[in-house]
Amino acid sequence: MSDAALPPALSMVEIQQAVGAELDRISEVIDPLGERFAAAGHELFLVGGPVRDAMLGRLQNDLDFTTSARPDETERLLKGWADATWDMGRAFGTIGCRKGDWQVEITTYRAESYDPDSRKPEVDFGDSLAGDLGRRDFTVNAMAVAVPGRAFEDPHHGVVDLAQRVLRTPGRPQDSFSDDPLRMMRAARFAAQLGFDVAPEVVEAMKEMAPRIEIISAERVRDELVKLICAPWPRRGLTLLVETGLAELVLPELPALALERDEHHRHKDVYEHTLTVLEQTIDQEDRLGGPDFVARFAALMHDVGKPRTRKFVEDGTVTFHHHDVVGAKITRKRMKALRFSNDEIDAVSKLVELHLRFHGYGSGEWTDSAVRRYVRDAGDQLERLHILTRADCTTRNARKAARLRRTYDELEARIAHLAEKEEMDAVRPDLDGTQIMEILGLKPGREVGEAYKFLLELRLDEGPQSPEAAEAALRTWWEQRAQG
């Protein structure tokens, strides 16, 4: 989604109307809960993201509260009201519960900081709402609403920043990022999620403090990156990471794509091309049912092999031979470092490796066998490969772009036709391992695997075989193998 689709700035009247409507909608949850805490002599405030989202008219079913009560007291007050309770992190002051469709987290006022060399926060319980709000990441997340009563607390003017769609920190950004370096990535993530600008002093602090991100665990960095990439405007967050130097530390393959152009300016900026491919992938996500991290990350990584494979030819042109294979290896290594699951690593790496395969299709010269292999190699990533291949066309030549679209339309039509005729979704040999062993008198072992591979190639080359034809071909192959 491009910046052209960014929502407009909000007026105070619009914000008041939105937050009033959202609080009325959740009154059946927040008011009885607030009354329980008040009766016990404690303060309770709806706080942070839910207040921000209520003002934007996009409040979800996850509600965050802060309270003067300590965790044990919070847990006691929830009994008899919540449908279920659990310990979200008692040492950090957080107790979770469920009430109907609502997920609730209640955290004791906190005063938290990071040791300069530690990945884990040092947590001290605070004694005031003002102190709690002052330690939060951004002013738009440092607002609170008292429950019951609905008194609005905004000591850092977050509502003004929200109306102007800008991210600022409650105090000095250097202090905030020193306390929790992950907040620098959260700035990029919120820019991508909310479409907000980041205040210049915050950007400068991110540049200054960027090396501090290295004390944060790979898992926490990964989670922020996933949220950023799956946001409505990921370009905004990614360009901020590159501009501030954070990308060099958490995803160095991205800034590396900003290749210097050759003196003849004959090849495009791979970095800008990549961001365009990402946006064009997003434009097609209705095929996948909505935001899809694997498809988006594959778009982001599809050309990461180019810097390593770039070669200048005597005529002034530039080549990137085998950048698909090299890129898949780089992608796999980066995703392992960020602690992604094996399934995610395999899926994204496969898409990067296959993203050029379509260009061998030419003007439709592929045989049915080649089409079957394309489907076989893509496996369960075929739909994402369709999207990535189409998104990878960023040429400004309208005639060339139209020709590529028509050619890929034809390939998809051929795939659909063959799939309908041959059940290609489950391409496998016409005889299974047990049948192979019975026909050839074999026991389980390497020779059965070789026979299975032969029959699979036969299936891909010639399409489905009858059991009789498959058996005859298998026997012929076995005899020729014995003679050779």
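Biologist: How many bridges join S3 to S4?
Modeller: Bear in mind that this is a predicted model, where local features need pLDDT of at least 70 and side-chain atom pairs count only at pLDDT 80 or more, while totals for chains, interfaces and linings use all residues. Residues are numbered from 1 along each chain as its sequence is written, and side-chain values use heavy atoms, with hydrogens and water left out. Strands here are DSSP runs of E with at least two residues, helices are runs of H or I with at least four, and both are numbered from the N terminus. S3 and S4 run antiparallel, and the bridges joining them number five.

Biologist: Which residue in the turn of the S3 and S4 hairpin has a positive phi?
Modeller: Along the strands, Ala-84 stands opposite Arg-98 in S4. The hairpin leaves four residues between S3 and S4. Phi reaches a positive value of about 90 degrees in the turn, at Gly-93.

Biologist: What are the edge strands?
Modeller: Seven strands make up an open sheet with mixed pairing, in the order S3-S4-S5-S2-S1-S8-S9; two strands count as paired if DSSP finds at least two bridges between them. An edge strand pairs on one side only. That description fits S3 (84–89) and S9 (152–153).

Biologist: Which residue in S8 does Phe-45 stand opposite?
Modeller: S1 (residues 44–47) and S8 (residues 144–146) pair in the antiparallel sense, over three bridges. Phe-45 has as its opposite number in S8 the residue Ala-146.

Biologist: What angle does the direction of H4 make with that of S4?
Modeller: Helix H4 (residues 71–78) packs on the sheet and touches S2 (62–67), S3, S4 (94–99) and S5 (102–108), a touch or contact being heavy atoms within 4.5 Å. For the angle, axes are lines fitted to C-alpha atoms (for helices, over the stretch in contact), and the scale runs from 0 to 180 degrees between N-to-C directions. Against S4, the direction of H4 comes out at about 10 degrees.

Biologist: Which helix gives the largest share of the largest nonpolar core?
Modeller: A nonpolar core is a set of buried Ala, Val, Leu, Ile, Met, Phe, Trp, Tyr and Cys residues joined through side-chain atoms within 4.5 Å. The largest one has 116 residues, and those touching the most other members include Leu-33, Phe-65 and Tyr-374. Nine of its residues, the largest share, come from H8 (residues 182–194), so to speak the main donor: H8.

Biologist: How many residues are in the second, separate core?
Modeller: Its members include Leu-431, Ile-436, Ile-439 and Leu-455. The size of this second core is 12 residues.

Biologist: Why do the buried residues of H21 line one face of the helix?
Modeller: The buried residues of H21 (residues 433–440) are Ile-436, Ile-439 and Leu-440. What covers them includes H22 (446–462) and H23 (467–483). An α-helix has 3.6 residues a turn, so residues three or four places apart point the same way. Taking directions from the helix axis to the C-beta atoms, the buried residues of H21 line one face because they fall within an arc of 80 degrees.

Biologist: Which residue caps the N-terminal end of H21?
Modeller: At the other side of this helix, H21 is followed by Gly-441, with a positive phi near 65 degrees. At the N-terminal end, a side-chain oxygen lies 3.2 Å from the backbone nitrogen of Thr-434, and a polar contact is a pair of N or O atoms within 3.5 Å, where within protein one must be able to donate a hydrogen and the other to accept it, and residues adjacent in sequence count only if both atoms are side-chain atoms. The residue supplying that oxygen is Asp-432.

Biologist: Is Glu-412 buried or exposed?
Modeller: Glu-412 is found in H20 (residues 398–422), and touches Arg-287, His-386 and Arg-390, not counting residues up to four places away in sequence. Buried means under 20% relative accessible area, exposed over 50%, and partly exposed in between, using a 1.4 Å probe and protein chains only. At 18%, Glu-412 is buried.

Biologist: What is the relative accessible area of Arg-165?
Modeller: Arg-165 is found in the loop between H6 (158–164) and S10 (166–167). Its phi is positive, near 60 degrees, in a residue other than glycine. Arg-165 is buried, with a relative accessible area of 9%.

Biologist: Which residues does a cis peptide bond join?
Modeller: Look in the loop between S8 and S9, which also holds Arg-150. The omega of the cis bond is about -5 degrees, and the bond joins Val-147 and Pro-148.
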